[in-house]
Amino acid sequence: MKLKNLLLPLAILLPAVTSAQAISQSQIEQFQSLPRAQQEALASQYGIDLEDFQSSGQRNQRPRDVQVVEPAESISDEERGQARGEKEEEEKERRAADKNGGLKPFGYELFRGSPTTFAPVTEIPIPSEYTLGPGDVLRIQLWGKENQNLELPIGRDGTISFPQSGPMSVAGLSFDEARQQIRNQVSEQYIGVQASVSLGELRSMRVFVLGEARNPGSYSVSSLSTITNALYVSGGIKQTGSLRNLQHKRDGKLVGTLDLYDLLLKGDSSNDNRLQPGDVIFIPSVGRRAGIEGEVYRPALYELENENTLEDLVSMAGGLTPQAYPQRINIERTNEDFLRIIAEADYTAAKGKSARIQAGDRVTIPSISDITGQYVEIAGAATRPGRFAWMPGMRVSSLIRNLDADLTPFADKRYAAIVRTDKQSDTISVLNLRLRKAIQNPGGEFDFLLKEKDKLLIFSDAGKVERKNEPTEQLGDMDGEQQWEFTREALFEPVLRRLKSQATPSAPQRTIQISGPVRYPGEYPMPASRQLADAVFVAGGLKDSASLFNAEIARYTTDENGIGRTKILNVNLADALAGNANLALQSRDRILIKSIPEFAKTSTIQLQGEVRYPGVYTFRDGETLKEVIERAGGLTDNAFPRGAVFTREKLRRLEAQRLREAEERLQGDLLGVQLEGDGLAGESADRAQQVEDLLEDVQSSRPVGRMVVNLEAVVNNEDYQAIRLQDGDTLTVPTIPQSVTVFGEVQFPTSHLHQAGLTVDDYLERSGGPTRQADESRVYIVKADGSVMLPERSRWFGSRSQQMEPGDTIIMPIDVDRLNQLELWSNVSQIVYQMALGAAAVGNL
């Protein structure tokens, strides 16, 4: 039932297609939403061609918003061909602009776009000279004795039908004339009645836009349309068309011409004539053109008219900018021999302004030079860097008045540099400035007089500059990248390059290098004073690790034969900094500031477990383990010195390397076992699983770095070898143990309570005995101090009758002979067991 209600109005509307009645868009969308079979059934029932209906529906669609000109990207499907043509035209224009050095013809963008309709505003006052014609509608309001509103259209015969009166001919009359005639007739025929006459709907008319129009043809426009209105309708003018000689023709005769430059440059539309039906707007080809670029406001190609001068062309381009240099204007043109030449004109003189511009000329207005004098410059970590006016007598304090306000938060306020250019030789020199002293004492000896073109370099202080990827909240708006641009290395780089390039045999390169414990080691301009103290100051001063007793200066010299040599000079740095050293720096000197040996180097050992005062102890160079234990108060009563674990960082790194090597080799062996395939009874699979288990043990093991020591002998025996400590050593003293541990290939690896008199075999038996892959002939014992021993077998019975001590560990190794006799596995298993024992000893504390 619902579908029937939906189809009923559509069925009624379908016949309307044949009578050209309008169908709303919503009704068409309803019909098109139906299945294709139902559409065809309805169309067949009412004798309608479905394709005609759909095309008719498309034709009756109207845009909701009527635009005078829409952008080219909004072109409808029916105008795609035209859009493609316009795109090709734009591509031609782009290539033409490239050919002309990027200059585009002036004025053509005024009409850019694709018009949908032209609907000028009709509510504007009708001009009195407007000529009436068929299609116009006159609105007449009668009041007085009779009140009546009339709308009288002008018929094709040029007359209007006035009520109770005959036809009145108004076509060809101006609006004022027709209005006066109607008023007279009303006053004569109607006593006591007055009339007010106005225009209602205006007629449309057809005009032609021909020539170099983007879309030449005939167009229907309003009767109020002018030449420019018609140009909008046609899409504008091609770049091959003239903007200065648009011809308005009527009945084959020239009515007038329009120069669009008057409209574009002066806003003068006096020659924009109104059109009449049948008028023709003809756009001829473009005339002579000349280009202008550089320091003008509208650089472009301009169309010339008659005889144009340079002043005319500059005026069309909007005039010269304040940065223009008018005394030497370049004019590139083609001479009589068809060769491109360059002429010059002085625009400041009358002769230059009146220079004739020819077709194809290209005028370039140069820029004035950059600031060439009467300035000083600030660069680097300043709040207001740039150039400032220079005046005789100006000092550093004239530019930098306040260190906090005029410098950035990360600026180095102690040191700055002045780069000075010599006017006569055009070479530079560098003056070192003690900035804080100069600002604190204006006019003093450190507040240097500035010369013209001096450049003041303000450096950043590395102690205040945050590293990359660190917060820079306290440094203002500048990020870390900008702060590092103001380091000594960055700001001095162009200065050093200039100093090196200007060096001659008579004026050697004035640079030095300084290295060692200074704040900013590197290459620097040589101080003007040639003093070592000033060189250290330029490098930011000494660090606290610097040695004041001795410094070296490597000096490059030449001998009497002209061969380069290097001489090493030893300098007492303390005397040099105090100004007592009689030494002057020379070109390319390399200064080495030496560091205090073992400066601020501390070595520590960690004592854990059963010592009187455990902790981290700092030891002197050459101090022994016994001496540190005595400083820690000795061992406690519960200490078990035979089980002490002494670890060393160097040994731990070696163990880690051995583990990595073992892991790599085990992985290779595992691959080899897997490639052998399964043998009888799955032996290869068993071997592979065993290797995998061993590899897993290796990967999970952690290096300890244990070194076997007899702590009891270390503490009590004066003849025992002294153990010299190294940084990172650790001593762990366990409590007295009560167990014996069994590891390896036994049925149940575990620890057993120590009982006096029990032997190795007794403890192995208590752990269930060996497994199938155990190697009983290679059982060994790891003593509590980390040493390893092999138990002796009884000569008569073959048993291991050696008695165990508390803290000992019995290792039952794997039978490597069963596993293709890989000796590596035996070594690896020992490494794993030893590290496990060390870790267990530490973990039992």
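Q: What is the strand order in the open sheet of three strands with antiparallel pairing?
A: This is a predicted model, so let's read its sheets strand by strand. The pairing in this open sheet of three strands is antiparallel. Going across the sheet, the order is E4-E3-E7.

Q: Which are the edge strands of this sheet?
A: An edge strand here pairs on one side only. That description fits two strands: E4 (148-153) and E7 (193-199).

Q: By how many degrees are neighbouring strands of this sheet turned against each other on average?
A: Here the direction of the strands is ignored. Averaged over neighbouring strands, the turn is 20 degrees.

Q: Which residue in E4 is the bridge partner of arginine 139?
A: Start with the two strands: E3 (residues 137-144) and E4 run antiparallel and are joined by six bridges. Arginine 139 has its bridge partner in E4. That partner is glutamate 151.

Q: At about what angle does helix H6 run to E7?
A: Helix H6 covers residues 175-189. This helix lies across E3 and E7. Its angle to E7 is about 160 degrees.

Q: What is the strand order in the open sheet of five strands?
A: Pairing in this open sheet is mixed. The edge strands, each pairing on one side only, are E9 (217-222) and E11 (253-258). The twist averages 30 degrees from one strand to the next. Reading across, the order is E9-E8-E12-E10-E11.

Q: Which residue in E11 does leucine 246 stand opposite?
A: Strand E10 spans residues 246-250 and pairs with E11 in the antiparallel sense, over five bridges. Leucine 246 faces a partner in E11. The partner is leucine 258.

Q: How many residues lie between E18 and E19 in their hairpin?
A: Strand E18 (residues 375-380) and strand E19 (residues 386-389) pair in the antiparallel sense over four bridges. Within this pair, glutamate 377 stands opposite arginine 387. The number of residues between the two strands of the hairpin is five.

Q: Which strand gives the most residues to the largest nonpolar core?
A: The largest nonpolar core has 56 residues, and those touching the most other members are Leu435, Leu457, Ile458, Phe492 and Ile591. One strand, covering residues 411-421, gives six residues to this core. The strand that gives the most is E20.

Q: How many residues are in the other core, which includes Leu258 and Ile292?
A: This core lies apart from the largest one. Among its members are Leu258, Ile292, Ile331 and Ala345. Its size is 42 residues.

Q: Why does the end-to-end distance of helix H15 agree with the span it should have?
A: Helix H15 has 14 residues, numbered 488-501. Because the span is reckoned at 1.5 Å a residue, the helix should span 20 Å. The distance between its end C-alpha atoms agrees, at 20 Å.

Q: On which residue is the kink in H15 centred?
A: The kink amounts to about 35 degrees. Several residues of H15 are buried: Arg488, Leu491, Phe492, Val495, Leu496 and Leu499. The kink itself is centred on proline 494.

Q: What percentage of the residues of the protein chain count as buried?
A: Zooming out, the protein chain has 23 helices and 37 strands. Among contacts between residues at least 6 apart in sequence, 62% join residues at least 24 apart. Of the 845 residues, the share that counts as buried is 40%.

Technical notes: Residues numbered from 1 in each chain as written. Predicted model: local features only at pLDDT ≥ 70, side-chain atom pairs only at ≥ 80, totals over all residues. Heavy atoms only, no water. Pairing = 2+ DSSP bridges. Axes fitted to C-alpha atoms, helices over the stretch in contact; angles between N-to-C directions. Core = buried A, V, L, I, M, F, W, Y, C linked by side-chain atoms within 4.5 Å. Buried < 20%, exposed > 50% of the residue type's maximum accessible area, 1.4 Å probe, protein only. Expected span 1.5 Å × (residues − 1). Bend = angle between axes of the 7 residues up to and from the residue. Contact = heavy atoms within 4.5 Å.
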